Amino acid sequence: MTSTHEHHHAPADLAPEHPPRISVSQLLPDVYKAMVRLDIAARKGLDPVLVELVKIRASQLNQCAFCLDMHSKDALAAGESAERIVQLSAWKESQHFYTPKELAALALTEAVTVLTDGFVPDEVYAEAAKHFEETELAQLIAAITVINAWNRFGVTGRLAAGHYTPGDFKS
């Protein structure tokens, strides 16, 4: 599968792709491998589509282009609809696209991702606790934490979006 910009525009139409600043994964392979293991452990037992929605929403908030590219493509490959992916950035206005459990997960994702907005509100946590049993809730919190860590590597390293194909990083 080619990236979108390769078959919709002549390359001259587009701004140049910025080069990455730094590749932590190449410079620190042990950290990268530990992050991959953490990612696998965090999402164990969670619905894979729910995990992709969480990863996309956190990546939107953190403006991580690389992770948005990866997780939107992974969500589509996992059977998610383009419509639900597109609506994620306005999920509060598009609640009818999501289940109550997904909505609780998205609210928790936002609260954990944007901690500087005033911690994780009790009502957001309580709503998530209604929809996830305790171990599953712990897994969700771990998965949200891990994508935020990946986003910080991606944004700081200025990793370019558009080159990922689902299955590139099989773990």
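Helices in this account are DSSP runs of H or I with at least four residues, and strands are runs of E with at least two, numbered from the N terminus. The model is a predicted one, in which local features need pLDDT of at least 70, side-chain atom pairs count only at pLDDT 80 or more, and totals for chains, interfaces and linings use all residues. Residues are numbered from 1 along each chain as its sequence is written, and side-chain values use heavy atoms, with hydrogens and water left out.

A good place to begin is helix α5, where D69 and K73 sit four residues apart, about one turn of the helix. D69 and K73 are joined by a salt bridge, with 2.9 Å between the closest N and O atoms. The term salt bridge stands for a side-chain nitrogen of Lys or Arg within 4 Å of a carboxyl oxygen of Asp or Glu, and the structure holds nine of them. Both D69 and K73 are buried; buried means under 20% relative accessible area, exposed over 50%, and partly exposed in between, with a 1.4 Å probe and protein chains only.

Other salt bridges run from helix to helix. R84 and E102 meet through their side chains at 2.8 Å, N to O. Because R84 belongs to helix α6 (residues 82-87) and E102 to helix α7 (residues 100-113), this pair ties together parts that are 18 residues apart in sequence. R84 is buried at 14% relative accessibility, and E102 is buried too, at 9%. Helix α7 also supplies K101, whose salt bridge with E136 has its closest N and O atoms 3.0 Å apart. Here distant parts of the chain are linked, as E136 lies in helix α9 and K101 in helix α7, 35 residues apart. E136 has a relative accessible area of 16% and is buried, whereas K101, at 29%, is partly exposed. Elsewhere, salt bridges with shared partners join D39, R43 and K55 into one network.

Helix α9 itself covers residues 134-157, 24 in number, and reaches 35 Å from its first C-alpha to its last. That is close to the 34 Å expected at 1.5 Å a residue, where the expected span is 1.5 Å times one less than the number of residues. At the N-terminal end, E133 acts as a cap, with a side-chain oxygen 3.2 Å from the backbone nitrogen of T135. After α9 comes R158, which has a positive phi near 55°.

What lies in the loop between α4 (48-61) and α5 (65-77)? N62 is found there, and N62 is buried, with a relative accessible area of 19%. The side chain of N62 makes a polar contact (a pair of N or O atoms within 3.5 Å; within protein, one must be able to donate a hydrogen and the other to accept it, and residues adjacent in sequence count only if both atoms are side-chain atoms) with the side chain of N151, at 2.8 Å. Setting aside residues up to four places away in sequence, N62 touches T113, N148, N151, R152 and V155, contact meaning heavy atoms within 4.5 Å.

Q60 is part of helix α4. A polar atom of the Q60 side chain lies 3.5 Å from the backbone nitrogen of S89. Beyond neighbours within four places in sequence, Q60 is in contact with L68, I85, L88 and S89.

Finally, L27, in helix α2 (residues 24-27), is exposed at 58% relative accessible area.
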